[in-house]
Amino acid sequence: MNSETLTQSVKVKNAKLFIDGEYTDALSGETFESINPATNERLAFVANGSEADAKRAVQSAKKAFDSGVWSRMPVEERSDILCRMADLIMENVEELAMVETLDVGKPIKESRGFDIPRAASNFRFFAEMSKYMVSEHYDKHNIMSYAKYRPAGVTSLIIPWNLPFMQMTWKASAALAAGNTVVVKPASYTPLSAVMFGEIANQAGLPPGVLNIITGPGSTMGAAMTTDPDVRRISFVGESATGKTIMKNAAENLIPVSLELGGKSANIVFEDADLDEAVQGSIDAIYRNQGEICLAGSRLLLQESIYDLFLEKFTTAVKKIKVGDPTSEDTDMGALVSKSHLETVESYVEIGLKDGAKLACGGKRVAGLDKGNFYEPTVLYDVNNKWRVAQEEIFGPVLVVIPFKTEEEAVRIANDSQYGLAGVVWTNDLRRAQRVSAQVDSGLLWINCWYIRDLRTPFGGSKASGIGREGGRHSFEFYSETKTITMKL
């Protein structure tokens, strides 16, 4: 099926709230529009929920949790339902991928080839792992002590617009596997795939109220989801300023939070690296998903001895990136999520050039695609790490290139940032790889690769990039309450 046929076969539905196992209008009856970033035309009307709607969803989740219909269900039965949800994701991969592409603006080959399959993998992974989570057990002097993990309760999940379906399933699968009930709020820019997930939950046999999906402004709904005393866990992915607000809200009721926030990751290329491999990896690290990804290697640090050669190789490869219709199979980079975000990206490039950066390629909107939010993959070089384009998260297809002389200088530049989410090191020197990876202040670091994830490993950032870790047992620890029981024998 070609992209045109597939687009025609996918009927984008208007999105309602999904509460207590049913689709429902917002109490106000109001809606807002979801816009296709590639055309700036309306895709669907979306229920414009309010604080009262968020309260409805939390109460539905609380009722379901207290009933024990999910929280006390045998773990094997919970696991079976979650695995059915994974199967249903893959049975609907074409429709989900197309809706994701139309709503986000990302290439269909990324939605179909990575995002939706990874969403299914999230459910399968946590469904299986939940069966093997064991309690701690200790014996000493006729005293037996053991720890039990029990579900925490109602969990609020607030999802970003850049990878909406994958991020929703990453959070929801772990929370559900631990026995919690969930309220999800996708971003208003990209709500459609998340709302579709309610149908999958019902088909898989998830009890009503266990999963609730609500849409509306974060200023009201997000606030309600993070201040309600019936909420016992909050997980948020988004910008650092919003994360600080959520943490303040949660503090009023002592609700534990997990925050995955912004990044300005250093991508360090040493002179002994495989340059061709580093070029391709570095392109992926900044232009994948239009650069709208928190893990992007948006600061390229090049050792001076290879600076000119690498920049030439890199720029030549960037000019071959095909920007265009996200539904086309041969498109490499799609549209930015909104007009306002396109303008923000443009403004950063202008700021960088005024500060003294040089333009290797890009730097303007894509000719012939005026209706959508298309921006050329851009390279700014000879950048000073103190400049705004090197310090602030642009969240778009804009790379800044910074020279360095020594290993020590590379580490210093990498750490000279408010963020500490990720990093990349390209080198064939094993000792150097270990030294640098240990010194770069980040929650994740890749050596000679990027964006490879083992779901068993912890995920999260330091400094302004977040608090807490999720992934594997770390997810279960966050979404659970641990109780120690001691018995005299």
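Trainee: What makes H3 oblique to H7?

Mentor: Start with the angle: the axes of helix H3 (residues 75-91) and helix H7 (residues 192-204) come within 9 Å of each other and cross at roughly 130°. Angles under 35 degrees count as roughly parallel, over 145 as roughly antiparallel, 65 to 115 as roughly perpendicular, and the rest as oblique. The angle fits none of the named ranges, so H3 is oblique to H7. The axes here are lines fitted to C-alpha atoms, for helices over the stretch in contact, with angles from 0 to 180 degrees between N-to-C directions. Helices themselves are DSSP runs (H or I, at least four residues), as are strands (E, at least two), and they are numbered from the N terminus.

Trainee: Good to know. What kind of model is this, by the way?

Mentor: This is a predicted model: local features need pLDDT of at least 70, side-chain atom pairs count only at pLDDT 80 or more, and totals for chains, interfaces and linings use all residues. Residues are numbered from 1 along each chain as its sequence is written, and side-chain values use heavy atoms, with hydrogens and water left out.

Trainee: Why is H14 called roughly parallel to H15?

Mentor: Helix H14 (residues 407-415) and helix H15 (residues 430-439) have axes that come within 10 Å and cross at roughly 30°. That is under the 35 degree cut-off, so H14 counts as roughly parallel to H15. Touching there are Glu407, Val411 and Asn415 of H14, and Arg432, Arg435, Val436 and Gln439 of H15. Contact means heavy atoms within 4.5 Å.

Trainee: How do the residues of the contact of H14 with H15 divide?

Mentor: Two are nonpolar, two polar and three charged. Ala, Val, Leu, Ile, Met, Phe, Trp, Tyr, Cys and Pro count as nonpolar, Asp, Glu, Lys and Arg as charged, and the others, Gly among them, as polar.

Trainee: Why does Thr155 count as buried?

Mentor: Buried means under 20% relative accessible area, exposed over 50%, and partly exposed in between (1.4 Å probe, protein chains only). Thr155 has 0% relative accessibility, so it's buried. It sits in strand S7 (residues 154-158), and its contacts beyond four places in sequence include Val182, Arg233 and Tyr479.

Trainee: And what makes Trp170 buried?

Mentor: Trp170 has 4% relative accessibility, so it passes the buried test too. You'll find Trp170 in helix H6 (residues 164-177). Beyond its neighbours within four places in sequence, it touches Arg118, Phe126 and Leu455, among others.

Trainee: How do you know whether Asn142 is buried or exposed?

Mentor: Its relative accessibility is 58%, over the exposed limit, so Asn142 counts as exposed. Asn142 lies in the loop between strand S5 (137-140) and strand S6 (143-151), and its phi is near 65°, a positive value in a residue other than glycine.

Trainee: Why is Asp382 called partly exposed?

Mentor: Its 27% falls between the two limits, so Asp382 is partly exposed. Asp382 is in the loop between strand S15 (378-381) and helix H13 (388-391), and here too phi is positive, near 55°.

Trainee: How many disulfides does the structure hold?

Mentor: Zero. A disulfide is a pair of cysteine sulfur atoms within 2.5 Å. For Cys449, the nearest cysteine sulfur, that of Cys294, is 16 Å away, and Cys449 is in no disulfide.
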